Amino acid sequence: MQRLLAPEGPWPVPWAEPALYNIVRLADRYPARTIFTRFVPPATPAQMPGMWRGYYDKWRHVTREFIDPMLLDLLPPLTAFAPPAQIIDKTRYSAFFGSALLASLNALHCHTIILTGAETDICVLSTALTAVDLGLAVVVVEDAICSSSDRCHDALLTLYRERLGQQIEILPTDTVLERWKS
């Protein structure tokens, strides 16, 4: 949930505002156990391997060579939580790939990951599947995720429920707040 995906950003996500409201509610309850990840594009396409290079050839205007560095910042309501919340940068869809996320979760003795953010069908999906592969319990907060595609968002919620229901639990924010009272 960073400025890159805000309505005025280069990759706007229309449902970010309602999801952001619930993300703030969750972070407010658990600031010291909150980890925000930021998608950080490369400076140039040449810094990326394989298909990522072609992706950033198409989206060159979103590389760090061209974008305002402020677009990488968290959305303003979330910045108030860090610290104590951690901010971990990532360069791929999965928040686990090439980042300090797993080490941070291990340091917190975390066995369950509660996922929020954007985009349901890209970063949330990739992170959820990696967390499953790592053996973590995964909760996706259905009213604290969003996508630039309503159809894909809805399809992913169906996939999580119907195909991955034993490994990924889908819950609303109120249920998460009630279940994990501090």
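**Exercise 1.** Work out the strand order and the pairing sense of the open sheet of three strands.

*Solution.* Step 1: read off the order, S3-S4-S5, with parallel pairing. Strands here are DSSP E runs of at least two residues, and helices are H or I runs of at least four, both numbered from the N terminus. Pairing takes at least two DSSP bridges between two strands. The model is predicted, so to speak with its own filter: local features need pLDDT of at least 70 and side-chain atom pairs 80 or more, while totals for chains, interfaces and linings use all residues. Residue numbers start from 1 along each chain as its sequence is written, and side-chain values use heavy atoms, leaving out hydrogens and water.

Step 2: go back to the sheet, where S3-S4-S5 is the order. S3 and S5 are the edge strands, each pairing on one side only. From one strand to the next, the twist averages 30 degrees (angles run from 0 to 180 degrees between N-to-C directions; axes are lines fitted to C-alpha atoms, for helices over the stretch in contact).

Step 3: count bridges. S3 and S4 share six, in the parallel sense, and Leu115 has Val140 in S4 as its bridge partner. S4 and S5 share four, also parallel, with Val138 standing opposite Ile168 in S5.

**Exercise 2.** Find which helices lie on this sheet and at what angles they run to S4.

*Solution.* Take S4 and S5 again, paired over four bridges. Helix H1 (residues 16-29) packs on the sheet, touching S3 and S4 (contact: heavy atoms within 4.5 Å), and its direction makes about 130 degrees with that of S4. H6 lies across S4 and S5, at about 155 degrees to S4. As for S4 itself, seven of its ten residues are buried, so the rest of the structure largely encloses this strand. Buried means under 20% relative accessible area, exposed over 50%, partly exposed in between (1.4 Å probe, protein chains only).

**Exercise 3.** Describe the surroundings of H5: which residues are buried, and what covers them?

*Solution.* Step 1: the buried residues of H5 are Thr120, Asp121, Cys123, Val124, Leu125, Thr127, Ala128, Ala131 and Val132.

Step 2: look for the cover, which includes S2, S3 (112-118), S4 (137-146), H6 and S5 (168-171).

Step 3: zoom in on H6. Thr120, Asp121, Val124 and Leu125 of H5 meet Cys152, His153, Leu156, Leu159 and Tyr160 of H6.

Step 4: get the geometry. H5 (residues 120-133) and H6 (residues 150-162) pack at about 25 degrees, axes 10 Å apart. H5 is therefore roughly parallel to H6 (under 35 degrees; over 145 is roughly antiparallel, 65 to 115 roughly perpendicular, the rest oblique).

Step 5: check what comes after. H5 is followed by Gly135, whose phi is positive, near 90 degrees.

**Exercise 4.** Decide whether Ile88 and Arg38 are buried or exposed, then list their contacts.

*Solution.* Ile88 lies in S2 (residues 86-90) and, at 6% relative accessibility, counts as buried. Beyond four places in sequence, Ile88 contacts Ile35, Phe36, Thr37, Arg38, Ser99, Ala100, Leu101 and Ser104. Take Leu101: it sits 13 residues from Ile88 in sequence, with the C-alpha atoms 6.8 Å apart.

Arg38 lies in S1 (residues 35-39) and counts as buried at 17%. Not counting residues up to four places away, Arg38 touches Gln2, Leu72, Asp73, Leu74, Ile87, Ile88, Asp89 and Lys90.
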